[in-house]
Amino acid sequence: MKIKQAIALGLCLFSLTACGNLDKGVTNTDKGEKTESGSITTGRVDNSVYQAIMPDGQYQTSASRETVASLNSGYNQTNYENGLLRLSHETFSPDKYFFQEGQKLDYDTLKSWLGRNTDDNNQGLNPGDESQPIILQQILEHDFVKEDGKTLGGISLGFAFNSVYYNGDTAVNVSREEIMANARKSVNAVLTRLRKMEGLENVPIVVGLFEQASKENIAGGTYIYKAVSKDGGTTIDKFDKVDEEVVSLPVLNNATNAATDDGLATKFSSFRTSVQNFFPNLTGVTGTAVYVDGQLQTLSISVDSKYYAKTEITSFTQYIGKQVESVFKDVPGQIEVQILSVNEPQAFVARKAEQEDIISYIFN
């Protein structure tokens with residue numbers, strides 16, 4: 001199978017005349033598509049991904065973006081954000097809705113809601129008693145706009161709960177029972193408040209409950225339950241269980257999980273051994289596999305190398321691409337391999353789900 005390779009060339013930032021015809025300007029930029037209301041969209045190159053909408057011709061960031069990075073690790077944050085988009089697909093199809101960062105909940109509102117419930121803050125959704133752990137850590141909002149480009153079709157909310165609460169040097173475990181007790185109260189309180197906001201009176205509201213893993217856990221947390229509030233509902237009586245599992249590779253201590261059950265763990269070990277045997281000077285080969293409903297969605301692999309010469313990196317990337325093609329040939333889901341040095345990414349290899357072609361990029 002042909003490996004498609006794009007080599008990122010250095011930009012001539014200060015000497016445009018040395019870059020051929022670049023001084024004549026660029027005339028083929030994509031200005032996006034327009035909806036019925038005149039809003040511009042980003043367009044898309046992958047039909048499984050939402051197009052973002054830009055009502056004023058510019059991308060609108062979240063009204064509460066200062067609270068977005070409050071989880072305890074990048075692994076948790078990635079799973080939290082990506083997982084909410086996956087849950088949203090079931091109610092808001094990418095073919096019928098545009099994506100917009102949350103515009104309804106601002107920073108001050110969320111700061112109040114995520115605080116402790118005290119005499120000074122009766123909106124707080126966490127225990128007022130300082131001796132008890134903070135359970136609800138973050139609320140993430142995604143908005144979905146209908147095809148006309150102006151009508152809000154609904155929103156998705158991710159509620160992130162701590163399985164471990166860190167208070168200085170002290171770590172306090174939070175049980176699943178404590179999480180769900182808080183979730184039932186917090187979700188219904190938030191729904192009641194949202195239904196009073198203009199534009200949210202009757203739209204569908206997707207709710208996902210995310211259990212944040214400890215900060216030492218490199219796999220990160222997962223969504224554990226979901227629900228949809230329809231027709232102006234302010235309460236959710238029953239949550240549906242989410243079958244989601246994130247697995248770190250290689251699997252240690254003879255553990256059993258989705259990757260050992262379907263053979264991915266063995267395939268990863270073969271890939272890792274092959275790469276390490278043929279190319280010395282590697283400091284590590286690790287992976288993260290995301291499963292939903294028992295099916296692999298993505299396999300992300302990081303290869304830390306000590307290669308710096310362009311010829312070394314090019315040869316190494318080609319070899320990685322061929323190994324992905326052969327070792328993971330029958331593996332469903334998307335495969336991504338990042339080749340990293342100490343300070344920066346060096347190359348990227350990928351194979352999209354349900355496809356065979358391998359794509360690789362080498363960065364200068």
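In the predicted model, Asp 262 is located in the loop that connects helix H4 (258-261) with helix H5 (264-278). The relative accessibility of Asp 262 is 42%, and this residue is therefore classed as partly exposed. Asp 262 also belongs to a surface patch of negative charge, in which it is grouped with Asp 243, Glu 245, Asp 261 and Asp 293. Membership of such a patch requires over 30% relative accessible area and the absence of a salt bridge, and the 42% computed for Asp 262 is in keeping with the first of these conditions.

A second acidic residue in a loop is Asp 330, which is placed between helix H6 (310-327) and strand E16 (334-340). With a relative accessible area of 67%, Asp 330 is exposed, because the threshold for this class is over 50%. Asp 330 and Glu 356 are 26 residues apart along the chain, and a distance of 9.6 Å separates their C-alpha atoms.

Turning to the strands, an open sheet is formed by 6 strands, arranged in the order E5-E6-E7-E10-E11-E12 with mixed pairing. Strand E5 (98-101) and strand E12 (240-241) constitute the edges of this sheet, each being paired on one side only. Within the sheet, strand E6 (residues 136-145) and strand E7 (residues 152-162) run antiparallel and are joined by 9 bridges. One of the residues involved is Val 145, whose bridge partner in E7 is Leu 152.

Terms used: Residues numbered from 1 in each chain as written. Predicted model: local features only at pLDDT ≥ 70, side-chain atom pairs only at ≥ 80, totals over all residues. Heavy atoms only, no water. Patch = residues over 30% accessible without salt bridge, like charges linked within 9 Å, V, L, I, M, F, W, Y side chains within 5 Å. Areas by Shrake-Rupley, 256 points an atom, 1.4 Å probe, with all protein chains shown as cover. Salt bridge = Lys/Arg side-chain N within 4 Å of Asp/Glu carboxyl O. Lys, Arg positive; Asp, Glu negative; His and termini not counted. Charge placed at Lys NZ, Arg CZ, Asp CG, Glu CD. Helix = DSSP H or I, 4+ residues; strand = E, 2+ residues; numbered from the N terminus. Buried < 20%, exposed > 50% of the residue type's maximum accessible area, 1.4 Å probe, protein only. Pairing = 2+ DSSP bridges.
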